[in-house]
Amino acid sequence: MKRIKNINEIKQYNDEYLDCFIALANGIVRSSKEIIYNTETNTFTIFHFISDTHEELTEKEFKTTNVFEALQNNNLYKY
């Protein structure tokens, strides 16, 4: 596991899946995600495994998500 430190680390994956999770309850619980950053459209697609849903977001919208909040709080990790 590797902690993801900033949004640029996500962007480095350039149209590839980033398998990651949000650590909850001091790391006891994980919320698994796949994130794809699309370099052409500057959008993020987030796949939420628990609900089997996905969303496509602009960078501005991405910064309002629980994924970005986890990133800022050092709780986002790469598998």
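## A nonpolar surface patch

Leu24, Ile28 and Val29 together make a nonpolar surface patch of about 290 Å². This description rests on a predicted model. Ile28 belongs to the loop between E2 and E3. With a relative accessibility of 72%, Ile28 counts as exposed, because the cut-off for that class is over 50%.

## The sheet

The model contains an open sheet of 6 strands, paired in the antiparallel sense and arranged in the order E1-E6-E2-E3-E4-E5. Strand E1 (2-3) and strand E5 (53-58) lie at the edges; each has a single partner strand, so one side of each has no neighbour in the sheet.

Strand E2 (17-24) is joined by 8 bridges to strand E3 (residues 29-38), and the two run antiparallel. Within this pairing, Cys20 has Lys33 of E3 as its bridge partner. Strand E2 is also joined to strand E6 (residues 76-78), here by 3 bridges and again in the antiparallel sense; Ile22 has Leu76 of E6 as its bridge partner. Further along the sheet order, strand E4 (residues 43-48) pairs with E5 over 6 antiparallel bridges, and Thr43 stands opposite Thr58 in E5.

## Positive phi angles

Most residues other than glycine have a negative phi. Which residues depart from this pattern, as non-glycine residues with a positive phi? Asn14 is one of them, with a phi of about 35°, and Asp52 is another, with a phi near 55°.

Asn14 is found in the loop between helix H1 (7-11) and strand E2, where it is partly exposed at 43% relative accessible area. Asp52 is placed in the loop between E4 and E5 and is exposed, with a relative accessible area of 73%. A positive phi, near 50°, is also taken by Ala25 in the hairpin of E2 and E3, which has 4 residues between the strands.

## Aromatic pairs

A pair of aromatic rings is described by the distance of the centres and the angle of the planes. The count in this model comes to 6 aromatic pairs. Tyr17 and Phe47 form a tilted pair, with 6.0 Å from centre to centre and 45° between the planes. This pair links distant parts of the chain, since Tyr17 is in strand E2 and Phe47 in strand E4, 30 residues apart. Tyr17 is partly exposed, at 48% relative accessible area, and Phe47 is likewise partly exposed, at 24%.

Phe21 and Tyr79 form a further tilted pair, at 4.9 Å centre to centre and 45° between the planes. The residues are 58 apart in the chain, with Phe21 in strand E2 and Tyr79 in the segment after E6. Is Phe21 buried or exposed? Phe21 counts as buried, at 2% relative accessibility, whereas Tyr79 is partly exposed, with a relative accessible area of 43%.

## A ring cluster and a charge over a ring

Ring pairs also link Tyr37, Phe44, Phe62 and Phe68 into a cluster. Tyr37 falls within strand E3 (residues 29-38), and Phe44 within strand E4 (residues 43-48).

Phe21, the buried member of the pair with Tyr79, has a further contact. The charged end of Arg30 sits over the ring of Phe21, 4.3 Å from its centre. Arg30 falls within strand E3 (residues 29-38), which is joined by 8 bridges to E2, the strand that holds Phe21.

Methods:
Residues are numbered from 1 along each chain as its sequence is written. This is a predicted model: local features need pLDDT of at least 70, side-chain atom pairs count only at pLDDT 80 or more; totals for chains, interfaces and linings use all residues. Side-chain values use heavy atoms; hydrogens and water are left out. Two strands pair if DSSP finds at least two bridges between them. Buried means under 20% relative accessible area, exposed over 50%, partly exposed in between (1.4 Å probe, protein chains only). Patches are made of residues with over 30% relative accessible area and no salt bridge: like charges are joined within 9 Å, nonpolar side chains (Val, Leu, Ile, Met, Phe, Trp, Tyr) within 5 Å. Accessible areas come from the Shrake-Rupley method with a 1.4 Å probe; for residues, only the protein chains shown count as cover. A salt bridge is a side-chain nitrogen of Lys or Arg within 4 Å of a carboxyl oxygen of Asp or Glu. Rings of Phe, Tyr and Trp (its six-membered ring) pair if their centres lie within 6.5 Å; planes under 30 degrees apart count as stacked, over 60 as edge-to-face and the rest as tilted. A charge sits over a ring if NZ of Lys or CZ of Arg is within 6 Å of the ring centre and within 35 degrees of the ring normal.
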